[in-house]
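Here is a small set of exercises to work through with the structure in view. Try each task yourself before you read the solution below it.

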Amino acid sequence: MNRKISMKGIAVISAMVVIMFAGCSGKGGNDGVTAGDSTLVIAMLGDANYLNPVIGASVTSRNVYGLLYPGLLESEFDTTSGLLNFVALEKKLRETFTDAMPKKPGGALAKTWKMSEDHRSITYTLRSDARWNDGTPITSHDFKFAYTLYGNPLIASPRQQFLAELAGADKGEIDFDKAIETPDDTTLVFNFYKQVPEQLALFHTSLTPMPKHKWKDVPPREFRHSPLNQKPLGAGPYVLRDWQKQQQIVLASNPMCNLPKPGNIPRVMFRIVPDYTVRLAQLQTGAVDVVENIKPEDFEGLENAKAGVEIKSVGLRVYDYVGWSNIDQEAYRRDGTIKPHPLFGSAKVRRALTLAIDRQSILDGYLGEYGVVASTDISPSLKWAYNDAVLPYPYDPAEAVRLLEEEGWKPGPDGIREKDGKKFGFVLFTNAGNARRNFASVIIQQNLREIGIDCQLDVQESNVFFENLRLRKIDAWMAGWSIGLEIDPLDGWGSDLEKSRFNFTGYQNPRIDALCELAKAELNSLDARPYWLEYQEILHRDQPTTFLYWIKETQGFSRRIEGEELNILSTFYNIDDWTFSPSASVAE
Amino acid sequence: MLVYIARRLLVAIPLVFGVLTLTFFIIRLAPGDPAALFIQPGISPKVADQIREQYGLNDPLFIQYIKWLGSVLQGDFGRSFSRAQQPVFDVIAQALPVTMTIALLTLAANFILGIFIGVISAVRQNSYLDRFLTVGALFFYSMPEFWFALMMIIVFALKLQIFPASGLNEVGAESYGPFRFLLDRLWHLVLPVTVLSINGAAGIARYVRGSMLEVIRQDYIRTARAKGLSEKVVIVRHALRNALLPVITLMGGSLPFIFSGALFIEVIFAFPGMGRVTVEAIFARDYPLIIANTFISGTLIIIGNLVADVLYAVVDPRIKL
């Protein structure tokens, strides 16, 4: 009896499998046209965490809620000067001279603004015809309400830094009634506790508003898990249609939108595809339209793909570097003593290391034309601040050897340099899963071996690696930075090692501190240029780290997309203006 | 038998509990910080601390454990750190069906393929067919599954374009209607299930072959043949049934392997299942989610083993529990 049951079970299962395969072969006869004709499909590495501007932290979050929500101002990147520009309906911070306007204007909620004479307050005049998608007008109160959310420690918004200049912030407690005034529905005033440059004031006061009528009754403690997060009420060119966690986010063009208009493409779908190879394969077959961060080794395959793929690049915001501990990390960890690192403590040695690393070879071998040898951490894209006169050190192992000898590092019996009985040997750490850094680290190891330095390589899981970096447990490492468009490097170089959270090298130079403060205090960004020029000269001379190369970000687009304008601000900068080319959607 | 099952389940409770406690401490020993996402330039240093406060990570470890224990005993495993503070069981409720579907289909495909190949190999022992199948099985058994998966994608999704490369459904599948939707879903499952089951089936085939060879030499098989029964009846009715007894225990035992196999299959094929939830939770140091996942997979494994033991008794009258 029992046996019969088990045999029957197997029969049922096998029948299921037969049905499954039969069903599939039936479908295989289909022509394979997807519903993609009106849907733009973007492959993403990971899901958004929140589609809420107050707490959304991942890049995907930002990309998506940026399409759902309206903005006080629009920002644009002026490629001729490298400055971030802010645009209201009737006013621009500065005239830009880019030949083509990539984005249809008219998206800003602010008509105009006025900075007070004393630079301690800024007053916006808002347009009166903007509405949330439920028909409620967008008013100045929505902005004030949003700022109380951004500033609430219980909500823990990652954008609290934007409130750092508001009245009361210096005393640790922002008084929102004083800091943000709303005399009427279309007037919005921000008051600062100190003089603030107009550029920074615009940047920090243009956080996304939130619909007060929807959210006002949500207690801060429940803000992060409120069901309202699943149904964001916005006013942007798109609305959220469907969000299947870890699978896809579907947006539909918002017919109500007048900021400036509904999105051109009817549906935009963000699909989560964690594996890079699979994202690539889907771009090649036409199953997805956009894949970000294509690796250079895959360009050729993509350009020959059937689906028609175009690679576009933008930059330069990202660089790789080799970090050298300027100070003896062990001594510092033990009792806060600052003394030079036994190997990398001298600027001359660090210069020698930079001279010995053949950065051009790394570029030729991996990034090709998508990389530029770096001199410091000011990007060549930020033309207004970039110092052309500071040229990257050439690859010159002979000069490197001379500098090392001068510092007393003489070759030992095994060919490894020594000084006072100490060998020049160390471990270069990097994080796992980065093919580019793996490639570079091998070349660096070889380059250093040639001048008598023993460099071992070690790859650590990213979490472990960054924790070790923060705890100052490693002496030499390779990592990268993505820079902001506002220059603010003090976190990485400031002499106060407790305050400068990202000064992993322990570099200290009071002149750098002073230059950063001077630059920040200038009320007009362009006036800070001389400070930044000197800053680059000093960093170049001191080489607290070996700046390797700037990396162009490379994105793959299906050729059926038209009007995409890649921008240093974002890949999806003008996505609501994209269209599908009519011929491509008929093909296949 | 009921007493046996009840006793086993009772023993399982402290076992699961011990595993959870161990997990609780081990993941906190791992370097890394659940709030690490918020430690970056441009984000105020206060944020990471506020986030830790929200997560209750600023308490001493022992207090955290007591608090955790209290809520777990009330059935509350907390809210996920990394997934928008959803209750962890909501996260799992979305992910588990996906993995269960893959696991059950794989289990079925595993055994059907494995038994089929094993029987043929045994019946045709030492023939070219047997050799071919044996070498073939060994070939697939030794292949790393993630590599095999990528190869399948390159061949069937990229070159031949027969199967989709990833996802649970086609773009726009919501408008298909239930039957086409189901077909589309199954269509997307073919590659992953094939990858997962070929490897397992190869192992089972070896097992069945051995067990079958042993049974075929038994006296009662000779008797069956002597009675003049057809070869088909002898093999399927008399030999196979007995040969399958040891194989059935494999069923429960293979569950954990299928689960761990589903792990990277889900990453590669972009399925939002338990495997991906677990991997991402570990990378994000999402403690509550890691613990809840351990709880679910641990429980499933214990149940799987219990089912295997009970099944064994059910199919083999010689065994009394």
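**Exercise 1. Chain B as a whole**

What percentage of the 321 residues of chain B count as buried? Then describe the make-up of the chain.

*Solution.* Start with a word of care: this is a predicted model.

Step 1. Of the 321 residues in chain B, 40% count as buried.

Step 2. Now look at the secondary structure: chain B has eleven helices and zero strands.

Step 3. For the dimensions, follow the C-alpha trace of chain B, which spans about 85 × 55 × 40 Å along its principal axes.

Step 4. Finally, take the contacts in chain B between residues at least 6 apart in sequence: 71% of them join residues at least 24 apart.

**Exercise 2. Two helices of chain B**

How do the axes of helix α4 and helix α10 of chain B cross? Classify the angle and find the residues that meet.

*Solution.* Two packed helices are described by the angle between their axes and the distance between the axes.

Step 1. Helix α4 of chain B covers residues 88-123 and helix α10 of chain B covers residues 274-284; their axes come within 7 Å and cross at roughly 130 degrees.

Step 2. Angles over 145 degrees count as roughly antiparallel and 65 to 115 as roughly perpendicular. The crossing of roughly 130 degrees therefore makes α4(B) oblique to α10(B).

Step 3. On the α4(B) side, the residues are B:Val91, B:Ala95, B:Leu96 and B:Thr99, and they meet B:Met274, B:Gly275 and B:Val277 in α10(B). By class, this contact has five nonpolar, two polar and no charged residues.

**Exercise 3. One residue in α4(B)**

Is B:Ala109 buried or exposed?

*Solution.* Step 1. Find the residue: B:Ala109 is in helix α4 of chain B.

Step 2. Count its surroundings: there are 23 other C-beta atoms within 10 Å of B:Ala109.

Step 3. Compare with the cut-off: a residue is buried if 20 or more other C-beta atoms lie within 10 Å. B:Ala109 is therefore buried.

Step 4. For a sense of distance, B:Ala109 and B:Ile301 are 192 residues apart in sequence and 19 Å apart in space, C-alpha to C-alpha.

**Exercise 4. A four-stranded sheet in chain A**

Which strands stand at the edges of the sheet β4-β5-β7-β6 of chain A, and why?

*Solution.* Strands of a sheet pair through backbone hydrogen bonds, either parallel or antiparallel.

Step 1. Read the order: the four strands β4-β5-β7-β6 of chain A form an open sheet with antiparallel pairing.

Step 2. β4 (110-115) and β6 (180-184) of chain A each have a single partner strand, so one side of each is left without a neighbour in the sheet, and these two stand at the edges. From one strand to the next, the twist averages 20 degrees.

Step 3. Zoom in on one pair: five bridges link β4(A) to strand β5 (residues 121-126) of chain A in the antiparallel sense. Within this pair, A:Thr112 has A:Thr125 in β5(A) as its bridge partner.

Step 4. Add the helix: α3 (residues 140-150) of chain A packs on the sheet and touches β5, β6 and β7 (187-191) of chain A. The direction of helix α3 of chain A makes about 165 degrees with that of β6(A).

**Exercise 5. The partners of β19(A)**

In what sense does strand β12 of chain A pair with strand β19 of chain A, and in what sense does strand β17 of chain A pair with β19(A)?

*Solution.* Step 1. Strand β12 (residues 309-324) and strand β19 (residues 476-482) of chain A pair in the antiparallel sense, over seven bridges. Here A:Val318 stands opposite A:Ser482 in β19(A).

Step 2. Strand β17 (residues 425-431) of chain A pairs with β19(A) in the parallel sense, over three bridges. Here A:Phe429 stands opposite A:Trp477 in β19(A).

**Exercise 6. Where the chains meet, and how far to trust it**

Which element gives the most to the side of chain A that touches chain B?

*Solution.* Step 1. Begin with the totals: 52 residues of chain A are in contact with 52 residues of chain B.

Step 2. α1(A) gives the most to this side of chain A, with twelve residues. The classes on that side are 22 nonpolar, 21 polar and nine charged residues.

Step 3. Check the confidence. Chain A has a mean pLDDT of 87, with 92% of its residues at 70 or more. Over residues 1-34 of chain A, however, the pLDDT is below 50. Where pLDDT is low, the predicted coordinates should not be read in detail.

How values were computed
Residues are numbered from 1 along each chain as its sequence is written. Chains are lettered from A and ligands numbered from 1 in the order in which they are written. This is a predicted model: local features need pLDDT of at least 70, side-chain atom pairs count only at pLDDT 80 or more; totals for chains, interfaces and linings use all residues. Axes are lines fitted to C-alpha atoms, for helices over the stretch in contact, and angles run from 0 to 180 degrees between N-to-C directions. Angles under 35 degrees count as roughly parallel, over 145 as roughly antiparallel, 65 to 115 as roughly perpendicular and the rest as oblique. Two residues are in contact if their C-beta atoms, placed from the backbone, lie within 7 Å. Ala, Val, Leu, Ile, Met, Phe, Trp, Tyr, Cys and Pro count as nonpolar, Asp, Glu, Lys and Arg as charged, and the others, Gly among them, as polar. pLDDT is the predictor's confidence in each residue, from 0 to 100. A residue is buried if 20 or more other C-beta atoms lie within 10 Å of its own, exposed if 12 or fewer, and partly exposed in between; C-beta atoms are placed from the backbone. Two strands pair if DSSP finds at least two bridges between them.
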